[in-house]
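Open the model in a viewer and keep the selection tool at hand. The stops below go through charged pairs and then nonpolar cores.

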Amino acid sequence: MMTTDAKIFADEIIRSTRTNPLVRFALRVPELPRVFKNLQPSWKTVGSAFGAVFNVLFKGPDISRTLYHDLAPAFPDEIKVLFSTNRIVLAEIEDENPRIYVKCCNDGSFALVVHQGLYKFLYRVARAFSTFFVEFSTNDERALEKNYKGARIIAEIFWWYKNTKTAWGPSYETTRENLFFAYPLVHAAESFFLCHEIGHIIIKNNGNAFSRHEEESRADFIAASMMKELPSLKSDKFKEMSEEYVVLGQEMALLTFSSLEKLGVNFGTAHPPFNVRLNAIRSVYSGKFQGTIAKVEAIFQEIMRQIEEPSPEEKEWVNGAEQCIRETFISLLDACVARNVEGTPLDETGFGFTMSELLNEGFAYIIFHEIKLIARNGGRAQAKTTVNSLLNLSQSELQFLRVRILVHYFSLQPAPLSTYFRALFVH
């Protein structure tokens, strides 16, 4: 197979962003309980169990290559030829920023770069979406319903993305049934973005020149047209997927980014606003699935309403929850300070486990606001008075101990928790 500029670029960007295998091993060990939990307890799964553990510890997910193989039957022949001759090269890189883009190279080849963060972010949203908004009846029919807690969870995911450009959010219980619905939803959502970039390549490869917004709109139309054909493909991923699933995936993905755009996240000027893109993409379906589209849109409107215009009752509930989280965090931190002053090692104070549970409750922004106050001046005066009087600590001593405990905890956490924590001490 020929060497092209796209192949050289792809190899270099993969190499430059790849995590050291030993570092990856250390970072992914915490994922093993989840892997084992999802495996069926059967001797038949020993081989798959070994493969799953090996992939978690040593390999990247390589989701985009699987996605390509599933989508390839829907690609025009010219695109298949470009892939087979390295004129298009797929590069999945270890970057948490949810992004996908095409790099146009000097020799006319194209590097299609997919950040692993795109799948992680879409999965975070889809998991919450399927858990809180999709209700299953006894015959497995789905009903989309508004849900206050689900809106709060997705709002928290949006907050993390806006502040860290990575996929993160609180923990919550879900069901296997909801997870089985979430996976194809993500697959359809990521498929749309990949098809959109293929649309750009088709336009550029044919020598067409349009304004940036016009090219984006045409790429959207090409993507939606390819997506419409997915349920008829023989791919394992798509052969059981109805056309409604595909529409749900598109809608969820574009409404997610449309919501982030409304919250002030800047996606650049190349793309038209997401709400404009949605209207154009929906036209491909000629009025079909209007009921499904309306329900998904109502869910995201509810999410945005809770963020931007909560009712008096919701404000009261949120204020109470924020105050509870604030007081619990300070009490937990100062209890750890007291035990540490008395000689208990940091790893044995019980702070880490309880702190992680607290962050998983949501309202992480409240905790980080308190941490920012601690970084600046030691924290709230009313919260430290009791500890000071009991332990006879000065303001600077209390601040040092609080910061020491927090640094110890966050140094053991993955990104974005650790990186966002460090940023609080820089600004």
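In which helix do Lys 7 and Asp 11 both lie, and how many residues apart are they? Select residues 5-17 in this predicted model. That is helix α1, and the two residues are four apart there, about one turn of the helix. Show their side chains: Lys 7 forms a salt bridge with Asp 11, with 3.4 Å between the closest N and O atoms. Lys 7 is partly exposed, at 29% relative accessibility, and Asp 11 is also partly exposed, at 39%.

Next, select Glu 251 and Arg 282. Their closest N and O atoms are 2.7 Å apart, and the two form a salt bridge. Glu 251 belongs to helix α11 (residues 243-262) and Arg 282 to helix α12 (residues 274-282), so the pair ties together parts 31 residues apart in sequence. Both residues are buried. Add Glu 297 to the selection: Glu 251, Arg 282 and Glu 297 are linked in a network of salt bridges.

Move to Asp 334 and Arg 402, a salt bridge with closest N and O atoms 2.9 Å apart. This pair links distant parts of the chain, 68 residues apart: Asp 334 is in helix α14 (residues 312-341) and Arg 402 in helix α18 (residues 395-411). Asp 334 is buried at 4% relative accessible area, and Arg 402 is buried at 0%. The structure holds 12 salt bridges.

Now hide the charged pairs and select Phe 75, Ile 79, Phe 129, Phe 193 and Ile 198. These have the most contacts inside the largest nonpolar core, which has 77 residues. Helix α9 (residues 176-205) supplies the largest share of this core, 14 residues. Apart from it lies another core of 36 residues, including Trp 160, Trp 168, Leu 358 and Phe 363.

Note on methods
Residues numbered from 1 in each chain as written. Predicted model: local features only at pLDDT ≥ 70, side-chain atom pairs only at ≥ 80, totals over all residues. Heavy atoms only, no water. Core = buried A, V, L, I, M, F, W, Y, C linked by side-chain atoms within 4.5 Å. Buried < 20%, exposed > 50% of the residue type's maximum accessible area, 1.4 Å probe, protein only. Salt bridge = Lys/Arg side-chain N within 4 Å of Asp/Glu carboxyl O.
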